[in-house]
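These are my notebook entries on one structure. I record what I looked up, entry by entry.

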Amino acid sequence: MRWRYLVTLAFFGLTFFAISAKLFYWQVIRAADLSAMGRAQYGNQITITPQRGEIVAADNFPLATNRLSYLVYANPHEIKDIDSTASELSPLLTMDVASISAILHANTDKYWVAITSGVHYDKKQDIENMNIPGIGFEESYTRFYPEASMAAQLLGFVGQDDLGNPKGYSGLEGFYDRQLKGRFGTAVEVKDAMGRPVLSKINDDSGAQDGRSLTLTIDRPIQFLVEQKLKDGIEKFGAASGLVAVMDPKTGNILAMASFPSYDPRDYAKYDDSLYKNPFISNTYEPGSTMKPLIMATAFNENLLTPDSTCPICSEPVKVDDYDIHTWNNEYFPNISMKDVIRHSDNTGMVYVSKVLGEDRLITALNKFGIGSMTGIDLQGEAAVPLRNSWLPIDVATASFGQGISVTPIELLDAFSSLANDGKRMKPHVVSKITTPDGQTISIQPEVLDQPLSPQSAKVMTEILVYTVDKGEASFARLKGYRIAGKTGTASIPVSGHYDPTQTIASFIGYAPADDPKFAMLVIINKPTSSIYGAETAAPVFFDISRDLLTYYGIAPTGDQ
């Protein structure tokens, strides 16, 4: 009996020793490896990327949306031949074999490694059909722009921040990035012993929230029309570039905004980053004669002049300080009326207006029109050149006809639109409403920024601008049967301290119908080669677009004029 006791005792002793040795092996020798395997299987925190909000035009057609795509990953422990696997994946992922092999060879000790993202559904299916061991997929979303390059510089694009997370840049994507991107969340991803995802569950308390969506004031047919006519005009007049924007002067709604050359936000990385900037809100230039109506209307508003007031200094060039100021064509009209100063775009007449106004009134007027300040438009990248602190007599004189002073196109369009809106200057905006993920909407209401003119002064100036369109240098391009208010501009380009006589920024600005404006529009043709004058380049583009806009709004001509 004693030997049985000893055998039993030895058996249990050896068993205890074996268990203790195994526990020592697991808990001490293999502790780090088993801990890593446990972490790989349970409790991994993953970041939940929210869906980015959509951007839709006024007709609810998506201009920026999200497309389901996939991240392709690998478990190197399940791959028997890395180089062979890389060769199979290469043509489907549009990655070279060496790149895929390098990723896999560098991570053979891991159970999960990302290969590439943004893979479309059809490619995912092709890869799945090949049954390649160790290859898997995770759902993700990529930004998609259904209309390609339409309104690209207005929309902006989505790239990545320093941490690799989606981030909006330029235009609406940049300005509204915080609203569009939503809120990132966290969840626990459960994996098997080989590191393969078993379950990814987003809990209610993960904190993730999809982004808000934007509904724009942009009218898609008008945007398409403007872009096409602008490209045609740039080609016809041999220009370096051009831009156009159409605005509702009563609300500040931007109906269209285009510039050319442009880029495709779907493949933004293939383009020079200088094209990302929206020149309508970012580029400054000297507006030239398109500034004249604002200064003239101010003189009317101050009861210093009337449309029939005459100019006593307009029979010859005007000397200011050490400078002689000429008319654009060296033609002079003694005792010219103020309405004909605008019609003939007479620089000497505007110098007289600036003398009547005086420095203080002129600067106050510029400020009220928003010249030298940002409009606050809801687009990333707006710029402005503040008005100078000290003014010489020559500065006052040249500012009256739009030289020696810099504006952005949106500044000028916004200021000029006050003439079409009873003297009220509205805040321009591109978004009409913001929609939360649960369907609540936040409407953007029209906002009056200032009132530089009385309704009567605005109306008087409107009549002069209609007269200018019908009788001025661009009358050949006017639309018969319509009352359209407008003004040409031919701005010299400053180069190395002087103005280049061979290169100009040609423009035309106006609104229609003059008695009840539905739109205000600014057309800029940069460095045209067929003619340097706005009347012969920008004006035809303006009236070409206006003809289609008036038809689009169902406004018929009232008879030949």
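**Entry 1: a loop residue, Q380.** I set the cut-offs beforehand: buried means under 20% relative accessible area, exposed means over 50%, and partly exposed lies in between. The model is a predicted one. I looked up Q380 and found a relative accessibility of 36%, so Q380 counts as partly exposed. Q380 sits in the loop between α14 (359-368) and α15 (393-399). I then listed its contacts, leaving aside neighbours within four places in sequence: Y169, S170, G171, G174, F175 and I281. For Y169 I also noted the C-alpha separation from Q380, which is 7.9 Å, although the two residues are 211 residues apart along the chain.

**Entry 2: the chain as a whole.** I took the overall counts next. The protein chain has 18 helices and 21 strands. Of its 561 residues, 48% count as buried. I also looked at how contacts are spread along the sequence: among those between residues at least 6 apart, 73% join residues at least 24 apart.

**Entry 3: aromatic rings.** Y169, which I had met as a contact of Q380, led me to the ring pairs. The count comes to 14 aromatic pairs. I looked up one of them, Y263 with Y271: the ring centres are 6.1 Å apart and the planes stand at 65 degrees, so I entered the pair as edge-to-face. Are Y263 and Y271 buried or exposed? Y263 has 1% relative accessibility and therefore counts as buried, whereas Y271, with a relative accessible area of 33%, is partly exposed. I then followed the ring pairs further and found that they link F157, Y169, Y263, Y268, Y271 and Y276 into a cluster.

**Entry 4: helix α11 against α13.** I turned to helix packing. Helix α11 (residues 292-301) and helix α13 (residues 347-357) pack at an angle of about 40 degrees, and their axes are 10 Å apart. I therefore recorded α11 and α13 as oblique to each other. Their crossing is left-handed. On the α11 side the contact is made by K292, I295, M296, T298 and A299, and on the α13 side by N347, M350, V353 and L357. Sorted by class, this contact of α11 with α13 has six nonpolar, two polar and one charged residues.

**Entry 5: helix α11 against α17.** I kept α11 and looked up its packing with helix α17 (residues 455-471): the angle is about 135 degrees and the axes are 9 Å apart. α11 and α17 are therefore also entered as oblique to each other. Here α11 passes α17 in a right-handed crossing. P293, M296, A297, F300 and N301 of α11 meet S457, V460, M461, I464 and L465 of α17. I classed the residues of the contact of α11 with α17 as eight nonpolar, two polar and no charged. I noted that M296 takes part in the contact with α13 and in the contact with α17.

**Entry 6: helix α3 against α5.** Helix α3 (residues 82-93) packs on helix α5 (residues 121-129) at an angle of about 160 degrees, with the axes 10 Å apart. That makes α3 roughly antiparallel to α5. The crossing of α3 past α5 is right-handed. L89, L92 and L93 of α3 meet K123, D126 and I127 of α5. By class I have four nonpolar, no polar and two charged residues in the contact of α3 with α5.

**Entry 7: two buried residues.** I looked up T215, which is in strand β10 (residues 213-216). At 9% relative accessibility T215 counts as buried. Not counting residues up to four places away in sequence, T215 touches V56, A57, N60, V430, V431, S432 and K433. From T215 to N60 the C-alpha distance is 7.0 Å, while in sequence the two are 155 residues apart.

I then looked up S418, in the loop between α16 (409-417) and β15 (425-426). S418 has 0% relative accessibility and so counts as buried. With neighbours within four places in sequence left aside, I listed its contacts as F369, G423, K424, R425, P452 and A458.

Note on methods: Residues are numbered from 1 along each chain as its sequence is written. This is a predicted model: local features need pLDDT of at least 70, side-chain atom pairs count only at pLDDT 80 or more; totals for chains, interfaces and linings use all residues. Side-chain values use heavy atoms; hydrogens and water are left out. Axes are lines fitted to C-alpha atoms, for helices over the stretch in contact, and angles run from 0 to 180 degrees between N-to-C directions. Helices (H or I, at least four residues) and strands (E, at least two) are DSSP runs, numbered from the N terminus. Angles under 35 degrees count as roughly parallel, over 145 as roughly antiparallel, 65 to 115 as roughly perpendicular and the rest as oblique. A crossing is left-handed if the near helix is turned anticlockwise from the far one by less than a right angle, and right-handed if clockwise. Contact means heavy atoms within 4.5 Å. Ala, Val, Leu, Ile, Met, Phe, Trp, Tyr, Cys and Pro count as nonpolar, Asp, Glu, Lys and Arg as charged, and the others, Gly among them, as polar. Rings of Phe, Tyr and Trp (its six-membered ring) pair if their centres lie within 6.5 Å; planes under 30 degrees apart count as stacked, over 60 as edge-to-face and the rest as tilted. Buried means under 20% relative accessible area, exposed over 50%, partly exposed in between (1.4 Å probe, protein chains only).
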